[in-house]
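Trainee: Before we discuss the terms used for this model, may I see it?
Mentor: Certainly; here it is.
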Amino acid sequence: MSGPTVKAGASPALSPAGPVRTAGGAVLLDGKAVAAKVRAAVASRAAAFAARHGRRPGLAVVQVGEDPASSVYVRNKRSSSQEAGIESFAHDLPVSTGEGRILALINALNHDERVDGILVQLPLPAGVDTNRVMDAVDPAKDVDGFHPVNTGLLAQKRPRLRPCTPFGVIRLAQEYGLALPGLRATVVGASNIVGRPMALELLLARATVTVCHTGTRDLRAEVERAELLVAAVGKAGFIPGDWIRPGAAVFDVGINRSASGKLVGDVEFERAAERAGWITPVPGGLGPMTIAMLLSNAVDAAYLRTGTPV
Ligand code: NAD
């Protein structure tokens, strides 16, 4: 196997002491620090919007039922919005809410001029058609970037509102100066919300992209080839550290509870960090980046909808 080919510029302004390294020597891709930087930029754009329009950008967050993990995410999204100067509209519906009522709420939010972004927390309760609900969101207010129109625009190289986690991977890579064009990038996971849009983002960034899923024949060989790896499977420590190509950049999207109750990613972190050139921690990697990109999308949506130059 040839040596590592990932190239990076200097890691800017995150810390005067330079990037933090793991015990294994990999640069830790500090999602928390980069997310704080993104949120600060969002806050100043939100303030400029408010000064010009006499109202803050508005984000409606819809939760149906009380799934405990969803409730944590929703609380976090609402408080982060407020801190960034985005008005948060909370819509908490009981688990028994029928699809018709959810669709009626989405329709009302689509027509509410104070609302620039609509986020529907997934998963929706069993019996509700998730695709029908997501398709009902006005694409101009689709801050999750899950609407087929926004996914389609990304596929056609003209992104508008971009899915937050994949967009967060790209933003984090940019912050650390990782040169993506030409890189051999592998995405493990092919879901509509992470794996697929991740592949489209990497393609847009001119990487050479492979997508792995349950139909992949030799996952190990695919991972071993990857100069940049994104893991989005949802299984604790699913990718053994010794599969990581020396010098690779590893982005671990997975958020799982280990047997001992710890939050862990999809990649076996300690062993991977001995081989990787760059690696995201879990927690503190793509979790905070995802929320930051959501806020960024909400402000973008406000500017785009009102025809204000972004
Ligand atoms: P998903 O279950 O919808 O998709 C998982 C994907 O993994 C599927 O495409 C499947 O084909 C693939 N897969 C499963 N087993 C495999 C195997 N043995 N070999 C190869 N591929 C396999 O999950 P998702 O919604 O894409 O989320 C993935 C993970 O990312 C979860 O842990 C989730 O919690 C996490 N997540 C994190 C954030 C964040 O903010 N950091 C955001 C979204 C999702």
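Trainee: Which helix gives the most to the shell around the ligand?
Mentor: Helix 10 (residues 286-305) does, with three residues. A helix here is a DSSP run of H or I with at least four residues, a strand a run of E with at least two, each numbered from the N terminus. The model is predicted, so local features need pLDDT of at least 70 and side-chain atom pairs count only at pLDDT 80 or more, while totals for chains, interfaces and linings use all residues. Residues are numbered from 1 along each chain as its sequence is written, and side-chain values use heavy atoms, without hydrogens and water.

Trainee: What makes a residue part of the surroundings of the ligand?
Mentor: One of its heavy atoms must lie within 4 Å of the molecule. The ligand is surrounded by 20 residues, with Ala-190, Ser-191, Gly-234, Lys-235 and Thr-290 the closest.

Trainee: Why do Ser-191 and Lys-235 count as polar contacts of the ligand?
Mentor: A polar contact is a pair of N or O atoms within 3.5 Å, so both pairs qualify: a polar side-chain atom of Ser-191 lies 2.5 Å from a ligand oxygen atom, and one of Lys-235 lies 3.0 Å from a ligand nitrogen atom.

Trainee: What makes strand 5 and strand 7 a pair?
Mentor: DSSP must find at least two bridges between two strands. Strand 5 (residues 184-188) and strand 7 (residues 228-231) have four, in the parallel sense, and are therefore paired. Within this pair, Ala-185 stands opposite Leu-228 in strand 7.

Terms used:
Polar contact = N/O pair within 3.5 Å; in protein donor to acceptor, adjacent residues only side chain to side chain.
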